[in-house]
Amino acid sequence: MLLLCDARDDLLKVLKEKGIGCSKLHQPNHVYSGFASRAVALPGVERFMDRIFGRSRRLVGGATERQQMVDTISGARRE
């Protein structure tokens, strides 16, 4: 499950405090040194990567766990 959030790092902290496993995604390939000779600015990719996070499909439980995640996100948005 992938989610976008402007305040991703803050939301990740709240989710983890509630015991909901989630994390940032790996870096896009263009930032690795092997691509340095072909470096280009990719501001859209950088903005996307600053906002996206994931929850492993293996960790996504049943309806109760999904509702806990929805409730946590809804509560975090109100704070």
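Asp-6 is exposed, because its relative accessible area is 60%, where exposed means over 50%, buried means under 20% and partly exposed covers what lies in between, computed with a 1.4 Å probe on protein chains only. Before I go on, I should say that this is a predicted model, in which local features need pLDDT of at least 70 and side-chain atom pairs count only at pLDDT 80 or more, whereas totals for chains, interfaces and linings use all residues. Residues are numbered from 1 along each chain as its sequence is written, and side-chain values use heavy atoms, with hydrogens and water left out.

Staying with Asp-6, its side chain meets that of Arg-51 in a salt bridge, with 2.7 Å from N to O, and the term here requires a side-chain nitrogen of Lys or Arg within 4 Å of a carboxyl oxygen of Asp or Glu. This pair links distant parts of the chain, since Asp-6 sits in the loop between β1 (2-4) and α1 (8-17) while Arg-51 belongs to helix α2 (residues 43-51), 45 residues apart. Those helices and strands are DSSP runs numbered from the N terminus, with H or I and at least four residues for a helix, and E and at least two for a strand. Arg-51 is partly exposed, because its relative accessible area is 21%. The two residues also take part in a network of salt bridges that links Asp-6, Arg-47 and Arg-51.

How many salt bridges does the rule give? The count comes to four, and among them are two that involve Asp-9, which I will take in turn. The side chains of Asp-9 and Arg-8 meet in a salt bridge at 2.9 Å, N to O, and here Arg-8 is buried because its relative accessible area is 7%, whereas Asp-9 is partly exposed at 42%. Asp-9 also forms a salt bridge with Lys-24, the closest N and O atoms being 3.8 Å apart. Asp-9 lies in helix α1 and Lys-24 in strand β2 (residues 23-24), so this pair ties together parts that are 15 residues apart in sequence. Lys-24 is itself partly exposed, with a relative accessible area of 47%.

Let me turn to the overall layout. The protein chain has three helices and three strands, and along the sequence these follow the pattern β-α-β-α-β-α. Of the 79 residues in the protein chain, 20% are buried. If contact is taken as heavy atoms within 4.5 Å, residues 24 or more positions apart account for 71% of the contacts in the protein chain with a separation of 6 or more.

Next, the interior. Which residues make up the largest nonpolar core? Its eight residues are Cys-5, Leu-11, Leu-12, Leu-15, Ile-20, Cys-22, Phe-53 and Met-69, where a nonpolar core is a set of buried Ala, Val, Leu, Ile, Met, Phe, Trp, Tyr and Cys residues joined through side-chain atoms within 4.5 Å. The largest share of this core, three residues, comes from α1. Both cysteines named there count as buried, Cys-5 at 17% relative accessibility and Cys-22 with a relative accessible area of 10%. The number of disulfides, nevertheless, is zero, with a disulfide taken as a pair of cysteine sulfur atoms within 2.5 Å.

Ile-20, another member of the core, touches Leu-15, Arg-55, Gln-68, Met-69 and Thr-72 when residues up to four places away in sequence are not counted. Arg-66, which is placed in helix α3 (residues 63-78), is 46 residues from Ile-20 in sequence, and the C-alpha to C-alpha distance between them is 9.7 Å. Arg-66 is partly exposed, with a relative accessible area of 41%.

Val-14 lies in helix α1, and it touches Thr-72 and Ala-76, again leaving out residues up to four places away in sequence. The C-alpha atoms of Val-14 and Ile-73 are separated by 8.3 Å, although these residues are 59 apart along the chain.

Finally, the surface. The protein chain exposes about 6,000 Å², and carbon and sulfur atoms supply 52% of that area, with accessible areas coming from the Shrake-Rupley method with a 1.4 Å probe, and with only the protein chains shown counting as cover for residues. Val-31, in the loop between β2 and α2, is partly exposed at 41% relative accessible area. Together with Tyr-32 and Phe-35, Val-31 forms a nonpolar patch on the surface with about 260 Å² of accessible area. Patches are made of residues with over 30% relative accessible area and no salt bridge, joining like charges within 9 Å and nonpolar side chains (Val, Leu, Ile, Met, Phe, Trp, Tyr) within 5 Å.
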